[in-house]
Amino acid sequence: MTGSVNTPLDGVVNQNLLKMGSDLPLRVAVLGATGSVGQQALDVARQHRDRVQVIALASHRNCGLLFDAAKELKADYLAVGDATVQLDGLKPPAGVELAFGEAAVVALCLLPQVDMVLNALVGEAGLRASYATLSAGKRLALANKESLVVGGDLLMPLARPGAMLPVDSEHSAIFQCLTGEDGIKPARIWLTASGGPFRSRSRPELVGVSLADTLAHPNWKMGPKITVDSATMMNKGLEVIEAMHLFALPLEKIRVVVHPQSIIHSMVEFADGSCKAQLGPTDMRLPIQYAFSYPDRWSASVEPLDFCVLSGLSFEAPDPQAFGCLRLALDAARAGGTAPCVLNAANEVAVAAFLEGSVGFLDIERCVESVLASLGVERVTSLDQLENLDRQARVAAAEYLSKSGR
Ligand code: MG
């Protein structure tokens with residue numbers, strides 16, 4: 001994780017550069033357009049039709065929703081990541097270019113008509129698209145945190161100033177707190193965590209929790225993978241690694257604090273002890289829109305906070321012993337190199353198995369721990385190296401779960 005020199009902070013210095021041409025609509029490609037973040041991004045585009053022009057859309061499998069969105073928002077290029085998908089009589093809108101397979105999704109990032117790619121793909125599958133976007137000198141609105149967790153060492157050196165816009169609500173908050181600080185480095189950042197549906201449970205109280213309870217997130221409306229990650233607190237661990245890359249900070253300068261109301265989306269502490277926090281409604285459309293509008297701000301049809309009604313903001317320390325995934329992620333962050341790649345791959349496999357009902361909640365962390373212990377840590381050198389290791393870790397995770405499953 002060392003050597004990450006380009007951060008979104010650099011972009012703040014270059015606001016004038018970004019303002020150039022700001023009268024023109026932003027031309028975007030939305031990857032993961034049928035998922036939760038993708039749909040909310042399309043909602044932002046709908047509300048700002050004069051400012052956001054949707055050029056290209058990609059989904060993993062859902063062609064019906066993809067074609068509807070393309071028709072409504074007049075996208076010209078479509079890609080479906082799963083090359084085996086059957087159209088079953090569905091027809092794309094007339095005149096639209098449609099292609100299949102992972103390479104087709106990545107190709108959308110390279111279209112000359114596209115200024116910004118919103119990467120809302122799920123999991124490591126998003127890494128190639130992030131890499132292609134930054135390599136092509138385009139702006140990347142990053143909702144796919146796994147790209148940075150796995151490949152941050154490769155991605156950050158590619159991000160020219162102002163090119164990497166965080167969409168993860170915590171990282172958007174930190175980015176917003178640092179905007180206007182003229183490159184001043186934070187003394188610490190405080191990543192807030194809702195604590196998820198099992199907040200303040202002890203270890204024994206996590207045994208045998210159900211899928212339905214796991215998916216009942218108290219504050220945020222999100223896709224199933226990240227909702228499970230939220231419940232295990234792996235999500236917060238991944239976000240620590242994401243923040244290390246984005247803001248070029250060592251692990252010891254990043255603190256996780258549980259804040260159950262999810263009103264403060266994260267905080268920055270400066271050398272003089274002064275803290276800046278970003279607060280707002282729990283609505284993912286806001287960080288998505290800020291990535292689109294930066295360095296400007298646009299109006300949003302979101303119910304604003306009413307501080308006279310807010311009952312209180314509370315904070316507590318996280319418990320990495322009860323939530324072993326958080327502990328494992330922090331260990332992987334400390335180890336650096338390829339450890340986060342292995343952590344992430346094992347977690348993706350284990351979460352998929354948990355969502356299918358074939359393993360229990362605590363098997364997720366047991367699986368991640370076992371796979372991390374079985375594969376050594378190397379320095380990150382290439383995308384191919386990471387993808388090979390990702391495959392190995394997935395095989396190891398599947399083997400572990402087949403032995404320990406229900
Ligand atoms: Mg987040």
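Here is a short tour of this structure, one selection at a time. The model is predicted, so local features need pLDDT of at least 70 and side-chain atom pairs count only at pLDDT 80 or more, while totals for chains, interfaces and linings use all residues. Residues are numbered from 1 along each chain as its sequence is written, and side-chain values use heavy atoms, with hydrogens and water left out.

**Stop 1: the metal**

Select the magnesium ion, then Asp168, Glu170 and Glu239. These residues coordinate the ion through OD of Asp168 and OE of Glu170 and Glu239, at 2.1 Å. Donors here are N, O and S atoms within 2.8 Å of the metal (3.2 Å for Na, K and Ca); water is not among the atoms, so sites may look incomplete. Along the chain, the donors follow the spacing D-x1-E-x68-E. Are Asp168 and Glu170 buried or exposed? Both are buried, meaning under 20% relative accessible area (exposed is over 50%, partly exposed in between; 1.4 Å probe, protein chains only).

**Stop 2: the nonpolar cores**

Now pick Leu57, Met164, Phe247, Phe292, Leu343 and Val371. Within the largest nonpolar core, which has 115 residues, they touch the most other members. Such a core is a set of buried Ala, Val, Leu, Ile, Met, Phe, Trp, Tyr and Cys residues joined through side-chain atoms within 4.5 Å. Colour helix H14 (residues 339-356) next: its 11 residues are the largest share of this core. Helices are DSSP runs of H or I with at least four residues, strands are runs of E with at least two, and both are numbered from the N terminus. Apart from the largest core lies another, of 17 residues, including Ala58, Leu108, Leu121 and Ala129.

**Stop 3: a loop residue**

Go to Leu313, in the loop between helix H12 (285-293) and helix H13 (324-335). Leu313 counts as partly exposed because its relative accessibility is 36%.

**Stop 4: two cysteines**

Show Cys325 and Cys367. How many disulfides does the structure hold? There are 0, a disulfide being a pair of cysteine sulfur atoms within 2.5 Å. The closest cysteine sulfur to that of Cys325 is in Cys367, 9.5 Å away, so it is too far for a bond. Cys325 counts as buried at 2% relative accessibility, and Cys367 counts as buried at 0%.

**Last stop: Ser59**

Finish in strand S2 (residues 52-59), where you'll find Ser59. Ser59 is buried, with a relative accessible area of 1%. Add Gly35 to the selection: Ser59 and Gly35 are 24 residues apart in sequence, and 7.8 Å apart in space, C-alpha to C-alpha.
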